[in-house]
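Open the model in your viewer and keep the selection tool ready. This tour goes stop by stop, saying what to select and what is there.

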Amino acid sequence: MHAILCAIPEELSALRQQLHVEDRPSRHGATQVWIGEHAGRPVALAMAGVGKVNAAAAAAVLLDRYEASALIFSGVAGGLNPAFGVGSVLLGEKLAIHDFGMIADRAFVRTTSGINPIGAPTLEVVTPVRDDTRATLVRLRDAVAARLDAPVALGSLITADYFLNCAATRDDLHAALGADAIDMESGAVAQVAAAWGAPLYVIRTLSDQAGDDSHLSFTQMADMASRNSALCVTALLEILD
């Protein structure tokens, strides 16, 4: 069974329009899970909630309770790379949590999430996904390029437990890590998926450009961005099946 995760109501609504799922979910703590099918094959759709803790908990539920063979995260993100405008679809070929690390002498040093930050090297590059996962994302990009009225590209995504509403921080993160977008869940799901040995496919459409007015753009564009990502999910399921 393939399992799809999302974080916010706009993302859930867009996915439910694409997938045939039950009317009522099962509840596992904060995680809600709908069982359904796509093209005759079973799928699980989970509403995780916002942030790394909710996302990690939902991923663990899907991998353990539902024995998911692959995870897909579909949703929105804030843009860091000026080359990608609002509406652009990014397929996560590199993923990392960037707000994990150590503070010393009033300075924060980011390190790889999940390991002891004492003595750990500074996180300077975003971690590539598995080769087979990347190959599938390339196929997905090629499959949806003509279906969407928006650019579709493989990209580098970083995760933190905050909504980025600051152009200066956006530019600093892009310069430091070469990341294309920021979200609040993908890196946490990647860490859980790696622990289980399961592939993760991240699909994020830019709802804003993480600048000083990103809270306004997000409100206006979240529905559109969620729909773009959800359309890519159905194409990915066809490839995986």
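**First stop: two helices that cross**

The crossing of α2 and α5 is right-handed. A crossing is right-handed if the near helix is turned clockwise from the far one by less than a right angle, and left-handed if anticlockwise. Helices (H or I, at least four residues) and strands (E, at least two) are DSSP runs, numbered from the N terminus.

Before going on, note that this is a predicted model: local features need pLDDT of at least 70, side-chain atom pairs count only at pLDDT 80 or more, and totals for chains, interfaces and linings use all residues. Residues are numbered from 1 along each chain as its sequence is written, and side-chain values use heavy atoms, with hydrogens and water left out.

Select residues 52-64 for helix α2 and residues 186-196 for helix α5. Their axes come within 8 Å and cross at roughly 30°. Axes are lines fitted to C-alpha atoms, for helices over the stretch in contact, and angles run from 0 to 180 degrees between N-to-C directions. At that angle, α2 is roughly parallel to α5. The cut-offs: under 35 degrees is roughly parallel, over 145 roughly antiparallel, 65 to 115 roughly perpendicular, and the rest oblique.

Now show the side chains. On α2, pick Lys52, Ala55, Ala56, Ala59, Ala60, Leu63 and Asp64; they meet Ala188, Val189, Val192, Ala193 and Trp196 of α5. Ten residues of this contact are nonpolar, none polar and two charged. Contact means heavy atoms within 4.5 Å. Ala, Val, Leu, Ile, Met, Phe, Trp, Tyr, Cys and Pro count as nonpolar, Asp, Glu, Lys and Arg as charged, and the others, Gly among them, as polar.

**Zoom in on Ala193**

Stay in helix α5 and select Ala193. Is Ala193 buried or exposed? Ala193 is buried, at a relative accessible area of 1%. Buried means under 20% relative accessible area, exposed over 50%, and partly exposed in between (1.4 Å probe, protein chains only). Setting aside residues up to four places away in sequence, Ala193 touches Leu63, Leu71, Ala198 and Leu200. Add Leu62 to the selection: 131 residues separate Leu62 from Ala193 in sequence, yet their C-alpha atoms are 10 Å apart.

**Next: α3 and α6**

Select residues 131-144, helix α3. Then add residues 214-240, helix α6. The two axes come within 10 Å and cross at roughly 125°. That angle makes α3 oblique to α6. This crossing is right-handed. From α3, Thr136, Arg139, Leu140, Ala143 and Val144 meet Cys232, Ala235, Leu236, Ile239 and Leu240 of α6. By class, eight are nonpolar, one is polar and one is charged.

Thr234 is also in α6. Thr234 is buried, with 8% relative accessibility. Which residues does Thr234 touch, not counting those up to four places away in sequence? They are Gln18, Leu19 and His38.

**Over to a strand**

Select Ser156 in strand β11, residues 152-159. Ser156 is buried, at 6% relative accessible area. Beyond its neighbours within four places in sequence, Ser156 contacts Lys94, Val126, Gly178, Ala179, Asp180 and Ala181.

**Last stop: the cysteines**

How many disulfides are there? The count is zero. A disulfide is counted for a pair of cysteine sulfur atoms within 2.5 Å. Select Cys6 and Cys232: the sulfur of Cys6 has its closest cysteine sulfur there, 15 Å away, which is too far for a bond. Cys6 is buried at 0% relative accessibility, whereas Cys166 is partly exposed at 28%.
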